[in-house]
Amino acid sequence: MFYALRKYKAYVHGDIGCYTLSYMKPLEGLHSCICMGASIGMAHGMSKALKEKGKGKVVGVIGDSTFLHSGITPLLDMAYNHSDALIVILDNSTTAMTGMQEHPGTGYTLKGEETTKVNLKVLVSALGIDNIKIIDPLDLQETRSAIKEELAKDGPSVIIAQRPCALFKRANIKSKPALKVDPDKCEGCKMCLGLNCPPISWKKGITKEGSKRKGISFIDGSICNGCGLCQQVCKFGAIS
Ligand code: SF4
Ligand code: SF4
């Protein structure tokens with residue numbers, strides 16, 4: 001998501017969760033992070049302060065658990081006050097950063113008992129948001145298209161990016177075979193490194209005749225789950 005957002009040079013207000021780490025290099029994807037729920041309030045305030053200058057440039061990013069904890073009220077305010085910003089809810093089906101705790105969107109209580117599960121789309125719609133898209137953040141093209149379309153619309157928009165956390169046992173995610181970089185095809189462009197995915201590293205000094213490359217990327221197969229995102233980023237077909 002942050003890799004895709006960079007292309008639009010927006011002001012991105014972040015929140016509290018794993019995604020706060022995208023503040024650092026190489027993603028450098030957040031411009032503010034204050035407290036739980038502040039991403040939406042900050043995006044709302046900035047869109048009002050910048051008016052036309054901020055059109056298509058203001059984004060707030062918040063996780064599902066943080067949204068249900070303290071993002072509902074500011075989103076209601078955005079709808080009520082005709083704000084003009086895009087809010088992205090990163091729905092990984094759990095509270096990953098602090099240890100996979102349950103929340104009202106998981107369908108389980110903290111004691112593990114089954115309970116009512118909040119439907120995020122229905123909730124966001126009930127708050128008065130008309131522009132809502134649900135996407136898979138591992139589909140780079142779909143993610144980019146959704147961001148572009150929603151940033152271009154008038155009024156508040158919400159993208160719900162749904163994909164369970166890769167470490168969430170109950171989601172029972174079946175890992176695909178790890179991907180590899182073909183050293184003959186890699187041109188050393190470093191685009192895949194920009195994803196900040198832990199298995200991808202850089203091996204410098206591996207040059208190739210007829211190419212300006214100064215090194216190649218390397219994927220550590222022991223921690224790659226084969227999600228395929230880096231494959232979508234590589235323009236040289238070097239990852240398979
Ligand atoms: S994106 Fe492809 S060509 Fe570029 S460094 Fe990564 S593997 Fe190599
Ligand atoms: S396939 Fe997914 S997990 Fe593996 S290196 Fe590429 S982006 Fe990372």
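This briefing describes the domains of a predicted model and the surroundings of its two ligands. In this predicted model, local features need pLDDT of at least 70 and side-chain atom pairs count only at pLDDT 80 or more, while totals for chains, interfaces and linings use all residues. Residues are numbered from 1 along each chain as its sequence is written, and side-chain values use heavy atoms, with hydrogens and water left out.

**Domains and their interface**

- The domain assignment, which is automatic or from a database, gives domain 1 (2–171) and domain 2 (174–240), and their C-alpha centres lie 29 Å apart.
- Contact, meaning heavy atoms within 4.5 Å, joins 10 residues of domain 1 to 10 residues of domain 2.
- The two domains bury about 780 Å² between them, 61% of it on carbon and sulfur atoms, where buried area is the accessible area (1.4 Å probe) that two parts lose on being put together, summed over both.
- Tyr 3, Leu 138 and Leu 140 supply 61% of the area that domain 1 buries against domain 2, more than any other three residues.
- The rule for salt bridges (a side-chain nitrogen of Lys or Arg within 4 Å of a carboxyl oxygen of Asp or Glu) finds 0 across this interface.

**Ligand 1**

- Around ligand 1 there are 13 residues, the closest being Cys 186, Cys 189, Lys 190, Cys 192 and Cys 234, where a residue counts if one of its heavy atoms lies within 4 Å.
- By class, this shell has 9 nonpolar, 2 polar and 2 charged residues, with Cys counted as nonpolar, Lys as charged and Gly as polar.

**Ligand 2**

- The residues around ligand 2 include Cys 197, Cys 224, Cys 227 and Cys 230, and also Leu 179 and Asn 225.
- This shell divides into 8 nonpolar, 3 polar and no charged residues.

Notes. Chains are lettered from A and ligands numbered from 1 in the order in which they are written.
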